[in-house]
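I set out to record what I looked up in this structure: the nonpolar core, one helix, one strand and the salt bridges. The entries follow in that order once a term has been fixed.

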Amino acid sequence: MAAKSLTAPAVLRAAMELGVVPSEAEVSRRGEVRWESEGLTYLGWISKDAAGMLAWHMNVGDAKFGSALEKYGRMSVPIRSSSNEMPWPQAVDSLVEEFLREGLGRATQFVADRTDLCVLLSSSEDVQRGNLYAWLPVANYPARLVQALVLARDIGVHDLEFQIQRQLKQGPIRLSNGRSMDILASAKGWASRYSSALGLNIPI
C-alpha cells in the first residue's frame with residue numbers, strides 16, 4: 001500500500017510549527033494561510049501542479065485598503081521564486097522544512113512595511129531581492145501607480161507621492177504584445193474605479 005501524501009493544509013501547519021508563519025494565522029482546507037501584521041496582510045498558499053510538484057505562493061498587501069479592493073487584487077504584490085517547487089512530500093522531513101523556511105519564510109520578510117509596499121507597487125518592473133522577486137507585470141503598471149499614490153498619501157510620504165506623480169506623466173509604455181499604453185489615461189480610469197471602491201477622491 002502506497003504511503004499517503006501530505007495535504008496542503010498539513011504542509012502549512014508544518015510551516016506554522018516551524019515558525020515560518022505566525023501561530024495565529026488562519027489555515028483553510030483549500031491550503032491557504034492568512035494573517036495580518038503591522039499594517040500588512042499576508043496570503044500564502046500551497047498548490048500542486050500538473051506534474052505533481054508542490055509549490056508555494058505569497059501575496060503581501062495593505063491591511064487598511066486591501067479588503068475594499070478585493071476584486072482589484074487587494075492592493076498587494078505577489079512574491080515569487082524561480083525555485084519554489086519540490087516533489088510532493090509524504091512526510092515533513094528536513095527537505096520540506098528547508099523548502100518552507102527558504103520559500104514562504106523569506107517571502108514573509110520581503111516587504112518591510114507600508115512604505116516599502118508603496119515603493120514596490122510603483123515599480124515599472126519586477127523587483128529582485130535575493131532569490132525572491134516581486135512579480136510586477138508591466139500591463140498593470142498604471143493601476144499599481146494609482147494604488148501606490150493612494151498609499152503614499154495615506155502614509156504621508158510626500159517625496160514618494162511626488163515621484164509617483166512624475167511616473168504617471170511619463171510617456172507610453174510598451175506591453176509584451178508590442179502594443180503601447182498611455183500611462184496617465186489608463187491611470188485615470190483606475191483612479192475612478194478605486195475612488196468608488198474606497199470612497200475616496202483620488203486626484204491624479
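Before starting, I note the cut-offs for accessibility: a residue is buried under 20% relative accessible area, exposed over 50%, and partly exposed in between. I also note that the model is predicted.

**Entry 1. Nonpolar core.** I looked up the largest nonpolar core and found that it has 63 residues. Those with the most contacts inside this core are Ile-46, Met-58, Ile-79, Leu-100, Val-111 and Ile-164. Helix α4, residues 141-155, supplies the largest share of the core, with nine residues.

I then took Ile-46, which lies in strand β3, residues 40-48. Its relative accessible area is 5%, so I entered Ile-46 as buried. Leaving aside neighbours within four places in sequence, I listed the contacts of Ile-46, among them Ala-8, Val-11, Leu-12, Trp-56, Trp-88 and Leu-104. I also checked Ile-46 against Glu-32: the two are 14 residues apart along the chain, and their C-alpha atoms are separated by 6.7 Å.

For Met-58, with the neighbours within four places again set aside, I found contacts including Trp-35, Tyr-42, Leu-43, Ile-79, Arg-80, Leu-104 and Ala-107.

**Entry 2. Helix α5.** Which residues of helix α5 are buried? In this helix, residues 158-168, I recorded Leu-160, Glu-161, Ile-164, Gln-167 and Leu-168 as buried. Viewed down the axis of α5, these buried residues fall within an arc of 120°, and therefore they line one face of the helix. The face turned away from the buried side carries the exposed residues Asp-159 and Arg-166. I then looked for what the buried residues of α5 pack against, and found α3 (114-121), α4 and α6 (183-198).

**Entry 3. Strand β5.** I turned to strand β5, residues 76-81, where six of six residues are buried. In a regular strand the side chains alternate between the two faces of the sheet. In β5, Ser-76, Pro-78 and Arg-80 point one way, Val-77, Ile-79 and Ser-81 point the other way, and all are buried.

I next listed the pairing. Strand β4, residues 53-62, pairs with β5 in the antiparallel sense over four bridges; Val-60 has Val-77 in β5 as its bridge partner. Strand β8, residues 132-134, also runs antiparallel to β5 and is joined to it by three bridges. There, the bridge partner of Ile-79 is Ala-134 in β8.

**Entry 4. Salt bridges.** How many salt bridges does the structure hold? I noted nine. Side chains of opposite charge can pair when their charged atoms come close.

Glu-32 forms a salt bridge with Arg-30, with the closest N and O atoms 3.4 Å apart. Glu-32 counts as buried because its relative accessibility is 18%, whereas Arg-30, at 65%, counts as exposed.

Arg-74 and Glu-70 meet through their side chains in a salt bridge of 2.4 Å, N to O. I entered Glu-70 as partly exposed because its relative accessibility is 48%.

Lys-64 forms a salt bridge with Asp-154, the closest N and O atoms being 2.6 Å apart. This pair links distant parts of the chain: Lys-64 is in the loop between β4 and β5, Asp-154 is in helix α4, and they are 90 residues apart. Lys-64, at 52% relative accessibility, counts as exposed. Asp-154 has 30% relative accessibility, so I entered this residue as partly exposed. Finally, I traced salt bridges that share partners and found Asp-62, Lys-64, Arg-114 and Asp-154 joined into one network.

Conventions. Residues are numbered from 1 along each chain as its sequence is written. This is a predicted model: local features need pLDDT of at least 70, side-chain atom pairs count only at pLDDT 80 or more; totals for chains, interfaces and linings use all residues. Side-chain values use heavy atoms; hydrogens and water are left out. A nonpolar core is a set of buried Ala, Val, Leu, Ile, Met, Phe, Trp, Tyr and Cys residues joined through side-chain atoms within 4.5 Å. Buried means under 20% relative accessible area, exposed over 50%, partly exposed in between (1.4 Å probe, protein chains only). Helices (H or I, at least four residues) and strands (E, at least two) are DSSP runs, numbered from the N terminus. Contact means heavy atoms within 4.5 Å. The arc is that of the directions from the helix axis to the C-beta atoms. Two strands pair if DSSP finds at least two bridges between them. A salt bridge is a side-chain nitrogen of Lys or Arg within 4 Å of a carboxyl oxygen of Asp or Glu.
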